[in-house]
Amino acid sequence: MDSIIKEVENELVEGTEVPKFKAGATVTVHYKIKEGNKERVQQFQGIVIQRKGSGATETFTVRKMSGNIGVERIFPIASPFIEKIEVNKVGSVRRSRIYYFRKRRGKAAKIKEKRQLGEENGKAKK
């Protein structure tokens with residue numbers, strides 16, 4: 001029974017290419033939405049607050065501000081509705097679950113960008 005579950009998990013995880021990202025990263029999730037017989041792709045861009053679980057049951061929570069209201073959405077990594085995940089910025093945070101971010105507003109809600117080694121202003125060092 002356990003081997004069957006592991007095989008299904010491997011198939012689900014292998015089917016989708018997921019970039020490496022952690023809490024604090026700014027990501028854009030392209031999510032398929034079915035409305036009747038139509039299908040469209042909606043983009044949800046925000047900061048990753050947490051990653052939870054492992055394998056096929058792994059999820060991540062993305063938070064964005066819509067006007068003055070914070071909106072959080074939980075996405076399963078192995079979802080067939082996720083078309084692609086783009087990592088826009090890699091944030092530098094000290095925790096894996098940044099729930100304190102919910103209370104922050106304005107400049108206090110900024111996350112420092114992690115510096116990439118070997119790259120400076122988009123150009124590789126020689």
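**A walk from the strands to the aromatic cluster**

Starting at the N terminus, the elements of the protein chain follow the order α-β-β-β-β-β-β-β. In other words, this predicted model has one helix and seven strands. Keep that order in mind as we go, since the strand numbers below will help you find your place.

Let us begin with the chain as a whole. It has 126 residues, and 27% of them are buried. The surface that the protein chain exposes comes to about 9,700 Å², with carbon and sulfur atoms supplying 48% of that area. Contacts tell us how the chain comes together: of those with a separation of 6 or more, 50% are between residues 24 or more positions apart.

Now turn to a pair of strands that you can trace by eye. Strand 3 covers residues 59-66 and strand 4 covers residues 69-76; the two pair in the antiparallel sense, over eight bridges. To see one of these partnerships, find Arg63, whose bridge partner in strand 4 is Glu72. Strand 3 and strand 4 form a hairpin with two residues between the strands, and here Gly67 takes a positive phi near 70°.

Strand 4 also leads us to the aromatic residues. How many aromatic pairs does a search of the whole structure find? There are five aromatic pairs, and one of them joins Phe44 and Phe75. Their ring centres are 5.9 Å apart and their planes meet at 65°; an angle over 60 degrees counts as edge-to-face, so this pair is edge-to-face. The pair links distant parts of the chain, with Phe44 in strand 2 (residues 38-52) and Phe75 in strand 4, 31 residues apart.

Are these two rings' residues buried or exposed? Buried means under 20% relative accessible area, so Phe44, at 8%, is buried. Phe75 has a relative accessible area of 1%, so Phe75 is buried too.

From here, the picture widens. Phe44 and Phe75 belong to a cluster, linked by ring pairs, that also takes in Phe21, Tyr31, Phe60 and Phe81. Phe60 falls within strand 3, which covers residues 59-66, so the hairpin we traced earlier brings us back to this cluster.

Finally, look for two arginines beside rings of the cluster. Arg51 lies over the face of Phe21, at 4.5 Å from the ring centre. Arg73 lies over the face of Tyr31, and here the distance from the ring centre is 4.5 Å.

Key
Residues numbered from 1 in each chain as written. Predicted model: local features only at pLDDT ≥ 70, side-chain atom pairs only at ≥ 80, totals over all residues. Heavy atoms only, no water. Helix = DSSP H or I, 4+ residues; strand = E, 2+ residues; numbered from the N terminus. Buried < 20%, exposed > 50% of the residue type's maximum accessible area, 1.4 Å probe, protein only. Contact = heavy atoms within 4.5 Å. Areas by Shrake-Rupley, 256 points an atom, 1.4 Å probe, with all protein chains shown as cover. Pairing = 2+ DSSP bridges. Phe/Tyr/Trp six-rings, centres within 6.5 Å; stacked < 30°, edge-to-face > 60°. Lys NZ or Arg CZ within 6 Å of the ring centre and 35° of its normal.
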